[in-house]
Amino acid sequence: MEETYFTSESVTEGHPDKIADQISDAILDAVLEQDSNGRVACEVAVTTGLVLIFGEITTNANVNYRNVARETIKSIGYSENLLGFNGDSCAILVALDEQSPDIAQGLTNENNDKLGAGDQGMMFGFATNETPEYLPLPIALSHRIAKRLSIVRKENILDYLKPDGKCQVTVEYDSNGEAKRIEAIVVSTQHSEDVNKTVMEQDMIKHVINPVIPNGLLDENTKFYINPSGKFVTGGPQGDAGLTGRKIIVDTYGGFSSHGGGAFSGKDATKVDRSGAYMARYIAKNIVASGLAKKCEIQLAYAIGLETPISVVLNTFGTAEAIEEIIAEAVKMNFDLTPRGIIKQLHLDQPVFSETATYGHFGNNKYTWEQVDQQEKLKKTVESLLLLSSQKNYYKIK
């Protein structure tokens, strides 16, 4: 294996697609605050001066969707001093229906003792010991830079910054697959008209990049591309329309792992393309944290209306410290993979989703699916299964 490069990107909370994600999840949380059984599939589109809220919501909650959208937009930084799009004056159209009865009948039966999957599809969870976040280094660093961009803007450290922005990091890996150095960093950030480009390039390195990049990864050959188009004055929904669910790679693993194609934001936990992906990440992270593997990917596949996944597939990319089939069996024994079990285990009937809409759904230890509280249970189960296996003399847990 030769030296390779891998690139991932992240975007700030002022990016048009992320505005849409944040409104969708703010509406979801507003529903769950009043009705933990609310069914939400809320999409949002934003463009110059306009927000469209559409989709399906079935709930007993009384939510002012327009107010939720306006407050979310203003909290991001789109207020009256930004022309083209701001939370005070933008038009907001609401076109919401109730959930299809055909879907509803697949979720619960007459006795309400069943909770089937709200859709079909496959979900992936991934973890690696490459970073403290158990995320691949390129996406972890991209999130750190994007978040720092918003911090220096909101704290007025760089008063010429505006809400929209994005970045990407290219990491060089050695022949053993270990991260060696950063090859390139790209930062494109919205700014006021009068800022000097050279000053901005220096500020980005000093105030945004250097504070969040670990020592030793930057060298004299690292390339920095700051607003490579020349300038970025017109941004946000005025510069580009935004839509819920259009940043699924930013939301997950930066392209480093497989993706089932389902978006997260605006969906309650009966939609397994969200809750299943969270559970898959929870499992993969606990496997890696336990030392059972250095890298792990879990695939779950569901059919609409069915309670249990139709398949569970584990891949440790040759890094497992025990037989993969035994680890997979331990997963099935220790985790309830039904929608009801996932919601109960991860407390997904609570209003916890708004914060997930920016800087990735994984890597933040405040989230229940990011806890590594199942490691010992997994290790003990694998040890017990190994004792029953004819391979017990050849494999052991470190």
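Which residue does the UniProt annotation "binding site" cover? In the unreviewed UniProt entry, this annotation covers Glu43. The model examined here is predicted, and the description below begins with this annotated position before turning to the helices, to two loop residues and to a pair of glutamates.

Glutamate 43 belongs to strand 2, which spans residues 39-47. Its relative accessibility is 25%, and glutamate 43 therefore counts as partly exposed, since that class lies between the 20% limit for buried residues and the 50% limit for exposed ones. When residues up to four places away in sequence are not counted, glutamate 43 touches Ser24, Leu52, Ile53, Phe54 and Thr244.

Among the helices, helix 4 (residues 137-154) and helix 5 (residues 197-209) form a crossing pair. Their axes come within 9 Å and cross at roughly 105°. Helix 4 is therefore roughly perpendicular to helix 5, as angles of 65 to 115 degrees are counted in this way. On the side of helix 4, the contact involves Ile145, Arg148, Leu149 and Val152, which meet Met204, His207 and Val208 of helix 5. By residue class, this contact of helix 4 with helix 5 divides into 5 nonpolar residues, 1 polar residue and 1 charged residue. An α-helix has 3.6 residues a turn, so residues three or four places apart point the same way.

Helix 8 covers residues 272-289 and has 18 residues. From its first C-alpha to its last, helix 8 reaches 24 Å, close to the 26 Å expected at 1.5 Å a residue. Of the 18 residues of helix 8, 18 are buried, so this helix is largely enclosed by the rest of the structure. Just after helix 8, glycine 291 takes a positive phi of about 90°.

Positive phi values also occur in residues other than glycine, including asparagine 227 and phenylalanine 317. For asparagine 227, phi is near 45°. This asparagine is placed in the loop between strand 8 (223-226) and helix 6 (236-239). With a relative accessibility of 1%, asparagine 227 counts as buried. For phenylalanine 317, phi is near 55°, and the residue lies in the loop that runs between strand 11 (311-315) and helix 9 (324-334). Phenylalanine 317 has a relative accessible area of 40% and is therefore partly exposed, whereas asparagine 227 is buried.

Two further glutamates were examined in the strands. Glutamate 183 is found in strand 7, residues 179-191, and glutamate 172 in strand 6, residues 161-173. At 16% relative accessibility, glutamate 183 counts as buried, because this value falls under the limit of 20%. Glutamate 172 is likewise buried, with a relative accessible area of 4%.

Apart from neighbours within four places in sequence, glutamate 183 is in contact with Tyr5, Thr170, Glu172, Asn221, Thr222 and Lys223. The contacts of glutamate 172, with residues up to four places away in sequence again not counted, comprise Glu3, Thr4, Tyr5, Glu178, Ala179, Lys180, Arg181 and Glu183. Tyr5 thus appears among the contacts of glutamate 183 and among those of glutamate 172. With respect to glycine 14, glutamate 183 is 169 residues apart in sequence and 27 Å apart in space, C-alpha to C-alpha.

Methods
Residues are numbered from 1 along each chain as its sequence is written. This is a predicted model: local features need pLDDT of at least 70, side-chain atom pairs count only at pLDDT 80 or more; totals for chains, interfaces and linings use all residues. Side-chain values use heavy atoms; hydrogens and water are left out. UniProt positions are given in the numbering used here, feature names are shortened, and annotations may be inferred rather than shown by experiment. Helices (H or I, at least four residues) and strands (E, at least two) are DSSP runs, numbered from the N terminus. Buried means under 20% relative accessible area, exposed over 50%, partly exposed in between (1.4 Å probe, protein chains only). Contact means heavy atoms within 4.5 Å. Axes are lines fitted to C-alpha atoms, for helices over the stretch in contact, and angles run from 0 to 180 degrees between N-to-C directions. Angles under 35 degrees count as roughly parallel, over 145 as roughly antiparallel, 65 to 115 as roughly perpendicular and the rest as oblique. Ala, Val, Leu, Ile, Met, Phe, Trp, Tyr, Cys and Pro count as nonpolar, Asp, Glu, Lys and Arg as charged, and the others, Gly among them, as polar. The expected span of a helix is 1.5 Å times one less than its number of residues.
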